[in-house]
Amino acid sequence: MTCQQLKKAEVHGHTIAYVDKGRGLPILFVHGFPLDHSMWRYQLEALGDQFRVLAPDLPGFGASSGLSTTVMRMEDFADVLAGLLDTLEVTEPVVYCGLSMGGYIAWQFWRRHGHRLRGLILCDTRAAADAPDVAEQRRVNAERVLREGPGFFVDMMLSRLFSAGFLSKSGPVLDEMRRTMMSTPPETIAAVLRGMAERADARQWLGEIRLPCLLVVGEDDILSPPSEMEAMATALPESKLVVIPEAGHLAPLENPEAVSAAIRDFLSQL
Ligand code: MLT
């Protein structure tokens, strides 16, 4: 799979690298942490024939410019994404598709820029805020990454992001994701860990999100397990949950055909 052609735009003081291809209903793909747009490679390929697929590297990640802040909040990311849509003159409502941290940002995007939404696709994500001990551990990890570099953190994340089966097969996608994570600046990892640690509990808003929502979760996801996403689906008024077989947290990479099919089916009903 070749890398997508990246364009660049200036948005709110950041240089944002992004994929923009195809025509039709715009789908905004928002990556997880600490990754970049390339985690959506299969979906961009599979859906770019029928839709306008937009996939930025969030500020600080991938080929976008670095962060100058020590705490990057989900609200800040949501505003940059809305700014990118402004810059690209995307005025029609978009379908927002976020994985994990991309989902945490989705709640803020809905709160702050809800008029821009046609629907939500929430992959392997959570609505709950961090428990206090989890938030504290993120802050400890932030300090350690700044002191020691990202190696220890990347090793820990890899074992959680992918299912045991995928890890044992190894392969080029795994190597590439490791490289992407290792090349994320320690300052970005630290600022975003702190931002995630203080994110709000989105469960309070779920009942108000009157938009078609597709929820997708890998059956072996240990970070945002199917049971938690089932509860989210129950709380969201217009939602459907699809459990993806043979996949962990990064279901779009582990079982791309099943994820792309679920997305295509959802989009065909909008
Ligand atoms: C992600 O995949 O974006 C992360 O697992 C989010 C998190 O650390 O909570």
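A residue counts as buried under 20% relative accessible area, as exposed over 50%, and as partly exposed in between. By that measure Arg73, with a relative accessibility of 36%, is partly exposed. The model is predicted, and this briefing concerns its side-chain interactions. The structure contains 15 salt bridges, seven aromatic pairs and zero disulfides.

**Salt bridge between Glu198 and Arg73**

- A salt bridge joins Glu198 to Arg73, with 2.9 Å between the closest N and O atoms.
- Glu198 belongs to the loop between α8 (186-197) and β7 (213-218), whereas Arg73 belongs to the loop between β4 (52-56) and α2 (74-87), so this pair ties together parts that lie 125 residues apart in sequence.
- Glu198 has a relative accessible area of 42% and is therefore partly exposed.
- Its partner Arg73 is likewise classed as partly exposed, at 36%.

**Salt bridge within helix α4**

- Arg144 and Glu148 form a salt bridge through their side chains, at 2.9 Å from N to O.
- Both residues belong to helix α4 (residues 132-148); because they are four residues apart there, about one helical turn separates them.
- Arg144 is partly exposed, its relative accessibility being 32%.
- Glu148 is also partly exposed, with a value of 48%.
- Arg144 has a further interaction: its charged end sits over the ring of Phe152, at 3.8 Å from the ring centre.

**Salt bridge between Asp265 and Lys240**

- The side chains of Asp265 and Lys240 meet in a salt bridge with an N to O distance of 3.3 Å.
- Asp265 is part of helix α11 (residues 256-268) and Lys240 is part of strand β8 (residues 239-244), so the salt bridge ties together parts that are 25 residues apart in sequence.
- Asp265 is partly exposed, at 33% relative accessible area.
- Lys240 is partly exposed as well, at 41%.

**Salt-bridge network and Arg199**

- Salt bridges link Asp130, Arg138 and Arg199 into a network.
- Side chains of opposite charge can pair when their charged atoms come close.
- Arg199 also lies over the face of Tyr104, 3.8 Å from the centre of the ring.

**Surroundings of Arg139**

- Arg139 is located in helix α4, and it is partly exposed with a relative accessible area of 34%.
- Once neighbours within four places in sequence are left aside, Arg139 is in contact with Ala197 and Glu198.
- Although Arg139 and Ala197 are 58 residues apart in sequence, their C-alpha atoms are 7.4 Å apart in space.
- Glu198, one of the residues in contact with Arg139, is also the salt-bridge partner of Arg73.

**Aromatic pairs**

- The number of aromatic pairs in the structure is seven.
- One of them consists of Phe29 and Trp40, which form a tilted pair with 5.1 Å from centre to centre and 50° between the planes.
- Phe29 is in strand β3 (residues 26-30) and Trp40 is in the loop between β3 and α1 (41-47), so the pair ties together parts that are eleven residues apart in sequence.
- Phe29 and Trp40 are both buried.
- Phe152 and Phe153 form an edge-to-face pair, with centres 6.3 Å apart and an angle of 70° between the planes.
- Phe152 is buried at 19% relative accessible area; the cut-off for that class is under 20%.
- Phe153 is buried too, with a relative accessibility of 2%.
- Phe152 and Phe153 belong to a cluster in which ring pairs also link Phe33, Phe61 and Phe77.
- Phe152 thus has a place in this ring cluster and carries the charged end of Arg144 over its ring.

**Cysteines**

- Zero disulfides are found in a search of the whole structure.
- For Cys97, the closest cysteine sulfur is that of Cys123; the two sulfur atoms are 4.2 Å apart, which is too far for a bond, because a disulfide requires sulfur atoms within 2.5 Å.
- Cys97 is buried, with a relative accessibility of 0%.
- Cys213 takes part in no disulfide, and its nearest cysteine sulfur, in Cys97, is 12 Å away.
- Cys213 is buried as well, at 2% relative accessibility.

How values were computed:
Residues are numbered from 1 along each chain as its sequence is written. This is a predicted model: local features need pLDDT of at least 70, side-chain atom pairs count only at pLDDT 80 or more; totals for chains, interfaces and linings use all residues. Side-chain values use heavy atoms; hydrogens and water are left out. A salt bridge is a side-chain nitrogen of Lys or Arg within 4 Å of a carboxyl oxygen of Asp or Glu. Helices (H or I, at least four residues) and strands (E, at least two) are DSSP runs, numbered from the N terminus. Buried means under 20% relative accessible area, exposed over 50%, partly exposed in between (1.4 Å probe, protein chains only). Rings of Phe, Tyr and Trp (its six-membered ring) pair if their centres lie within 6.5 Å; planes under 30 degrees apart count as stacked, over 60 as edge-to-face and the rest as tilted. A charge sits over a ring if NZ of Lys or CZ of Arg is within 6 Å of the ring centre and within 35 degrees of the ring normal. Contact means heavy atoms within 4.5 Å.
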